[in-house]
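Trainee: Please take me through one loop residue in detail, and then work outward from there to the helices and the enclosed spaces.

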Amino acid sequence: EEKFRQLAENVREVFWMMPREADRVLYASPAYEQVWGRSVESLYQNAMAWTEAIHPDDLERAHAVFKRQIQGEAIESEYRIRTPEGNEKWIRDRAFPVRDHAGQIIRIVGLAEDITGRKQAEDEIRETSERLRLLLDSIPEAVYGIDMHGSCTFCNPSCLRLLGYDRDTDLHGRDMHAV
């Protein structure tokens, strides 16, 4: 138990446990207070207190996932929360059932982590990719990329027109030395 506590109380992820009935929280690590900005004690008083922070647009989906979790499905989900200070955070929650020797579910255990930084980086990459695609699609010069084997990996509309193709899928993967 001491080793468990040392681990659970020092990880950045929120480690949590509920009984099969999901009527109370058996354990929530101190990271809950850093991630959610709410006290662990609030979870012990109300097992569903964590849902009060869920972004309204994600609440219905989060409840549906939670129902699947307490039915014993090992599941991973992502949703947004709002801290008491008004900050929005993305959470990745992974839960799985713990079974006894007879195969009966005795508790649900999970890890919830703040993935806000990853989500922001994904958004930045997506926006950069969209701007690059818009630029490539609008310039009159033919632009294409090839891999180390000489196969086409992408091309812009000007390249397609120059080479007489209708769609980039017609050119994608072709040996550019043969075109």
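**From a loop residue to the cavities**

Mentor: Once neighbours within four places in sequence are set aside, Glu 141 is in contact with Asn 156 and Ser 158; please bear in mind throughout that this is a predicted model. Glu 141 sits in the loop that runs between helix H5 (116-138) and strand S6 (144-146). Although Asn 156 is 15 residues away from Glu 141 along the chain, the C-alpha atoms of the two are separated by 8.6 Å. Glu 141 has a relative accessible area of 48% and therefore counts as partly exposed, because that class lies between the limits of 20% for buried and 50% for exposed.

H5, the helix before this loop, has 23 residues, which should span 33 Å at 1.5 Å a residue, and since its end C-alpha atoms are 33 Å apart, the two values agree. Its buried residues are Thr 116, Lys 119 and Leu 136, and they are covered by elements that include strand S7 (152-155) and helix H6 (157-163), together with S3, S4 and S5.

Helix H4 (56-70) can be read in a similar manner. Its 15 residues reach 22 Å from the first C-alpha to the last, close to the 21 Å expected at 1.5 Å a residue, and just after H4 the residue Gly 72 takes a positive phi of about 105°. The buried residues of H4 are Asp 58, Ala 62, Val 65, Phe 66 and Gln 69, and these pack against S1, S3, strand S4 (88-99) and strand S5 (105-114). An α-helix has 3.6 residues a turn, so residues three or four places apart point the same way.

H4 also leads us to the enclosed spaces, for the structure holds two cavities of 30 Å³ or more. The largest has about 170 Å³ of space, and of the 16 residues that line it, the closest to its centre are Trp 16, Met 18, Leu 43, Trp 50 and Asp 93. Strand S1 (14-19), helix H2 (31-36) and H4 each supply at least two residues of this lining, with S1 giving the most, namely four residues. By residue type, the lining of the largest cavity divides into 14 nonpolar, one polar and one charged.

The second largest cavity has a volume of about 40 Å³, and Trp 50, Ala 62, Val 65, Phe 66, Gln 69, Ser 77, Tyr 79 and Asp 93 line it. Here H4 and strand S3 (75-82) each supply at least two lining residues, and H4 gives the most, with four. The lining of this second largest cavity comprises five nonpolar residues, two polar and one charged.

For a contrast with the loop residue at the start, consider Ser 29, which lies in the loop between strand S2 (27-28) and H2. Its relative accessibility is 0%, and it therefore counts as buried, whereas Glu 141 is partly exposed. Not counting residues up to four places away in sequence, Ser 29 touches Ala 8, Glu 13, Val 14, Phe 15 and Val 40. With Glu 13 there is also a polar approach, in that a polar atom of the Ser 29 side chain lies 3.5 Å from the backbone oxygen of Glu 13.

Key: Residues numbered from 1 in each chain as written. Predicted model: local features only at pLDDT ≥ 70, side-chain atom pairs only at ≥ 80, totals over all residues. Heavy atoms only, no water. 1 Å grid on protein atoms, 1.4 Å probe; cavity = no way out; pocket = protein on both sides within 12 Å on 5 of 7 lines; lining within 4 Å. Points joined across faces, edges and corners; volume = space filled by probe spheres on them. Nonpolar A, V, L, I, M, F, W, Y, C, P; charged D, E, K, R; others polar. Expected span 1.5 Å × (residues − 1). Buried < 20%, exposed > 50% of the residue type's maximum accessible area, 1.4 Å probe, protein only. Contact = heavy atoms within 4.5 Å. Polar contact = N/O pair within 3.5 Å; in protein donor to acceptor, adjacent residues only side chain to side chain.
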